Each structure stands twice: as C-alpha cells, then as structure tokens.
Amino acid sequence: MSESALIRSERDRVLTLTFNRPGKLNAFNEAITHELIDALGYAEHEKAVRAIVLRGAGRGFSAGQDLEAFMRLRNGATPVSVAEHLRKGYNLIALAIRRIEKPVIASLNGIAAGVGLSVALACDLRIAGDDAQLTLGFSKIGLIPDGGGSFMLPLLAGFGRALELAWTSDKIDANEALRLGLVNRVVPAAALADETQAYAERLAQVSPVAVGMTKRAFNRSTLAHFAQWLDEEAELQEEAAAGPDLMEGVQAFMEKRKPAFAAR
Ligand code: T3D
C-alpha cells in the first residue's frame, strides 16, 4: 500500500499534519490538497484536538503547487480551469484554517514556496527553523500569489515589501522573515519539531473559549473580506493563467533554465 500524502498524528491535544512528498519538496498534488481539507474538517469538529500544526516531511515545508501535476490537469482531455482548481482546493484550505476556532500553526523547515507559503501565511502563527527559506515563486511562472497570498502577504509584511517579494520571488531567510513579520519566532532547525509541539501544547491549555472567540474577533475585525477576496483572486489568477507566461515559466522550471517572457 502506498504511503499517505498527508500523515496525521495526535499527541497531548495537538494534531500534527505532515505533508509527505519529501522527494518533491512536498509540492501539493490533488492527494495532499484533499487529504488536508478532510483533516482540517476533522480538526474543526473534534473536541480532543485543541491545536493544529502543519509541517513538511524532509527538507522543506512545501514547494507549492506540483507543477507537473498541474500541467497534466491543464493539458488533459477536459482542461481544468485555474479558478475552479483554486476554489475547490487551496481556497477551501485557507477558509478552513481561518474558520477553525483553534490555533493553527505552520512549522517551517527549509523551503516554503508558492501556494505552500500561502497556506503557511493563512495559519494563525508561523514558527520557523533557522534553516527556513521563503519565496513566493509565482512571478517566475507568470502568476499572482494565490490561495490567499495576495491578501495575507501585504497584511503581514506591508504593501511595498509584499509587492517586492511577489514581483522578484526573492528567497528570504528565517531572520528576514521574522523582521518582516512573516514568522512569529525562529528556533534552531534541530529543535523545530519539539519547540512547535511545546508551543502548540501551551496554546492547547489556554481557555478554548478565549482562544476560539479571539480568533473569531480577529477574523471579523481584520479578515472580514477574506472569503470574498479569495474568489476575486481566483478570477485574477484565471486571467493571468490564460496568457503564454504560465506555460513558458513552467516549461523553464522543468528544463531547469531561466524563463524568457515576451512583451505583453
Ligand atoms: O490552479 C492552480 O492551483 C494554480 C496554483 C498555483 C500555485 C503555486 O504554488 S504556483 C508556484 C509553484 N511553485 C513553484 O513555482 C516553485 C518551484 N520550485 C522551485 O522553484 C524550487 O524547487 C525551490 C526554490 C522550491 C527549491 O529549490 P531547490 O534547489 O532546493 O530544490 P529543487 O532541486 O529545485 O527541487 C527538488 C525536487 O523537487 C526536484 O525534483 P527532481 O529533479 O529531484 O526529480 C524538483 O523538480 C521538485 N520540485 C520542486 N518544486 C516542485 C517540484 N516538482 C513539482 N512541482 C514543484 N512545485
């Protein structure tokens, strides 16, 4: 039997969800996406779960959408619309993370790229190992940050810095991410799993009423338009994906060369 793309484990009221495609830097395929949506649904309703941790197996958190799988979906007999793919996948993940009235913590080891980073940014808190590297990556394939990234990135990092990170797709390290407010704390890479578990256990002991209702209050005061924005973001991504740059960008990634984007 093949191993699950998402491993669930529970200890001391903390549910840990581990993306499990280490050979592909935990790039999201349909299996991870849908198993994650299911697991978040379980976490929302299971009273024994009081905090949730998302993490990646191997040397990274996630490299974002699996580009080979994505091309198969786009080039198949019935090509998938990008907007629909987002609405049935990443948008549901971001909405679930925001809806669960329990702390959801991203534990960032190594690389977090593309929509992998968006998923981390949709979480309540981010704890990074000192080996963490963050990159948007969307601009390299002619896309905009999606999965809520175009909302959460400017909110956390500020408008100008967010644009810079989105346009350049520059990789930033854990300390730069901390300085920009993209992560809450940085710990030695070797201690990341233990530190994240300990912090999640601490939050699991706080009044669930205080935790849940504070999250609801912050969602309403600051993220009131998040759901509507996810929908608009999906439309914008559909428009971006309709041009030639996506294909050129993905082709270049697979051929391990720089993309050559023509004038618009
Ligand atoms: O409709 C929709 O859903 C659209 C939504 C799109 C959302 C997105 O996330 S778009 C952005 C997608 N992600 C990227 O563009 C990132 C692509 N990856 C990279 O730029 C680099 O891999 C990293 C910067 C993340 C890491 O670089 P490095 O040098 O540490 O590792 P590597 O050698 O590039 O990758 C290791 C392996 O993972 C490699 O496979 P191989 O050659 O050993 O067999 C590589 O091809 C594979 N891999 C990495 N990222 C992806 C991937 N395979 C498929 N998809 C990936 N995203």
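A polar contact here is a pair of N or O atoms within 3.5 Å. Keep that cut-off handy, and remember that we're working with a predicted model.

**Exercise 1. Find out which polar contacts hold the ligand's N and O atoms, and sort them into backbone and side-chain ones.**

Step 1. Start with Lys256: an N or O atom in its side chain is 3.3 Å from an oxygen atom of the ligand. That's within the 3.5 Å cut-off, so it counts as a polar contact.

Step 2. Now go to the backbone. Val115 puts a backbone N or O atom 2.8 Å from a ligand oxygen. With Gln65, a polar backbone atom is 2.8 Å from a nitrogen atom of the ligand.

Step 3. Sort them: Lys256 goes in the side-chain pile, while Val115 and Gln65 go in the backbone pile.

**Exercise 2. Work out how much of the ligand the protein buries, and where the ligand sits.**

Step 1. On its own, the ligand exposes 1000 Å². The protein buries 77% of that area.

Step 2. As for the place, look in the largest pocket: that's where the ligand sits.

**Exercise 3. Describe the shell around the ligand by residue and by element.**

Step 1. There are 24 residues around the ligand, and those that come nearest are Ala63, Gln65, Leu67, His85 and Val115.

Step 2. Split the shell by type and you get 13 nonpolar, 5 polar and 6 charged residues.

Step 3. Check which elements give two or more residues: they're α2 (67-75), α3 (82-88) and α5 (114-122). The top contributor is α3, with 3 residues.

**Exercise 4. Trace the open sheet from edge to edge.**

Step 1. Read off the strand order, β4-β6-β8-β9; these 4 strands show mixed pairing.

Step 2. Pick out the edges: β4 (60-62) and β9 (172-173) each pair on one side only.

Step 3. Zoom in on the β9 end. Strand β8 (residues 133-135) pairs with β9 in the antiparallel sense over 2 bridges. Gln133 has Asp173 in β9 as its bridge partner.

**Exercise 5. Take apart the hairpin made by β1 and β2.**

Step 1. Strands β1 (residues 6-11) and β2 (residues 14-19) run antiparallel, joined by 6 bridges. For Ser9, the bridge partner in β2 is Thr16.

Step 2. Look at the turn: 2 residues lie between the strands, and Asp12 there has a positive phi of about 50°.

How values were computed
Residues numbered from 1 in each chain as written. Predicted model: local features only at pLDDT ≥ 70, side-chain atom pairs only at ≥ 80, totals over all residues. Heavy atoms only, no water. Near = heavy atom within 4 Å. Polar contact = N/O pair within 3.5 Å; in protein donor to acceptor, adjacent residues only side chain to side chain. Areas by Shrake-Rupley, 256 points an atom, 1.4 Å probe, with all protein chains shown as cover. 1 Å grid on protein atoms, 1.4 Å probe; cavity = no way out; pocket = protein on both sides within 12 Å on 5 of 7 lines; lining within 4 Å. Sits in = over half its atoms within 2 Å of the grid points. Nonpolar A, V, L, I, M, F, W, Y, C, P; charged D, E, K, R; others polar. Pairing = 2+ DSSP bridges.
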